[in-house]
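User: Hi! I have a protein open on my screen and would love some help finding my way around. Could you walk me through what you see?

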Amino acid sequence: MFLMSFLALYAATATPDRLYACGDDQVRELRIDSDGSTESWHWTASEASDLPAEYRATLLAHIDDCKPVDDGRALLVTASTGATVLINRATGRVLFRAKTPMAHSAALLPGGLVAVALSIDPAGNRLELYDVHRNERPLQSLPLPSGHGAVWDPKRARLFTLSHDLVQGFQLDPTGQGPRLVETAHWPLPGRRDGHDLSLAPNGDYTVTTDDGAWSFNPDDGSFHPIAPLNPKLRVKAVSAMGDRIAWVQAEESWWAHGFTVMTAQGAEPRRILVDDLHLYKVRWIR
């Protein structure tokens with residue numbers, strides 16, 4: 001009995017309780033505690049001295065995603081105002097940058113590649129592929145109408161993307177002269193479509209948000225199932241799951257929110273976490 005109690009206590013205390021929250025030109029690392037949250041790290045684009053002036057002033061003005069990558073050693077950040085950057089978590093140094101109109105999501109792929117999903121813009125609506133060693137020089141561009149999601153799946157060795165109507169799967173083509181993405185499958189979105197957020201769930205499925213709710217998606221059989229606590233719900237901007245917990249953002253003022261909600265996967269024990277002085281857009285657990 002003592003051993004079981006100890007293991008349960010260890011599991012509870014060993015579970016990470018930190019996430020990234022982003023909006024405006026900022027990324028904040030928050031530790032969730034009994035009183036709400038405590039900031040443990042932050043990065044502000046306007047203060048990043050290793051970025052060109054246009055990135056600091058305008059291209060990173062509205063950050064819309066902030067993903068921990070490389071086992072938490074780096075952070076992949078996109079902004080709808082026109083940029084994607086890869087940041088070293090320990091130093092805050094920018095490792096890669098690109099001008100990406102209406103970027104909404106990005107993924108770090110094997111071999112130092114970055115895939116970026118671009119949303120509605122005269123120079124957007126596409127998926128771009130970059131080499132982290134070559135700033136601002138795309139290797140490939142593919143159509144992706146209203147691109148909103150990009151996630152690399154290491155177990156399936158696939159890139160999954162989210163657009164207005166589809167989830168698409170891509171693989172890296174090893175036969176070409178250089179890195180190239182090739183579509184392997186696609187699946188129409190359920191509900192009213194208008195895909196908005198794509199994230200990997202702990203069980204290996206994906207969480208997809210659309211105009212009218214959130215769905216669990218299994219790319220092995222192509223099935224979508226509504227996530228009961230979040231379906232139907234309108235304007236869900238982000239869902240991030242870890243263990244038995246979900247953190248999610250629902251727009252409250254136009255496209256942004258004053259805070260986010262943490263709850264169990266079944267929707268129990270909801271806690272509202274306010275984020276001061278930030279037009280909050282997305283949250284991502286740090287695993």
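**A hairpin, a loop and the whole chain**

Analyst: Happy to! This is a predicted model. Let's start with a hairpin: β12 and β13 form it with four residues between them, and in the turn Ala157 has a positive phi of about 55°.

User: Which way do β12 and β13 pair, and over how many bridges?

Analyst: They pair in the antiparallel sense, over five bridges; β13 covers residues 158–162. One of the bridge partnerships joins Val151 to Phe160 in β13.

User: And is β12 mostly covered or open?

Analyst: Mostly covered: β12 runs over residues 149–153, and five of its five residues are buried.

User: Which residues sit on each side of β12?

Analyst: Gly149, Val151 and Asp153 are on one side, with Ala150 and Trp152 on the other. Both faces are covered, as these residues are all buried.

User: Why do they split up like that?

Analyst: In a regular strand, side chains alternate between the two faces of the sheet.

User: Cool. Changing topic: where is Thr81?

Analyst: Thr81 is in the loop between β5 (74–79) and β6 (83–88).

User: Is Thr81 buried, partly exposed or exposed?

Analyst: Its relative accessibility is 29%, so Thr81 counts as partly exposed. The partly exposed class lies between the buried limit of under 20% and the exposed limit of over 50%.

User: What does Thr81 touch, leaving out residues up to four places away in sequence?

Analyst: Thr81 touches Thr58, Leu59, Leu60, Ala61 and His62.

User: How far is Thr81 from His62, in sequence and in space?

Analyst: They are 19 residues apart in sequence, and their C-alpha atoms are 5.7 Å apart in space.

User: Let's zoom out. How many helices and strands are in the protein chain?

Analyst: There are two helices and 24 strands.

User: What about the overall dimensions of the C-alpha trace?

Analyst: It spans about 60 × 45 × 40 Å along its principal axes. The radius of gyration is 18 Å, which agrees with the value near 19 Å that a compact globule of 287 residues would have.

User: How much of the chain is buried?

Analyst: Buried residues make up 51% of the 287. As for the outside, the chain exposes about 13000 Å², with carbon and sulfur atoms supplying 53% of that area.

User: Last one: how many positive and negative side chains are there?

Analyst: The protein chain has 28 positive and 35 negative side chains, and the centres of the two sets lie 3 Å apart.

Key
Residues are numbered from 1 along each chain as its sequence is written. This is a predicted model: local features need pLDDT of at least 70, side-chain atom pairs count only at pLDDT 80 or more; totals for chains, interfaces and linings use all residues. Side-chain values use heavy atoms; hydrogens and water are left out. The radius of gyration is taken over C-alpha atoms; the globule rule is 2.2 Å times the number of residues to the power 0.38. Buried means under 20% relative accessible area, exposed over 50%, partly exposed in between (1.4 Å probe, protein chains only). Accessible areas come from the Shrake-Rupley method with a 1.4 Å probe; for residues, only the protein chains shown count as cover. Lys and Arg count as positive and Asp and Glu as negative; His and the chain ends are not counted. The place of a charge is taken as NZ of Lys, CZ of Arg, CG of Asp or CD of Glu. Two strands pair if DSSP finds at least two bridges between them. Contact means heavy atoms within 4.5 Å.
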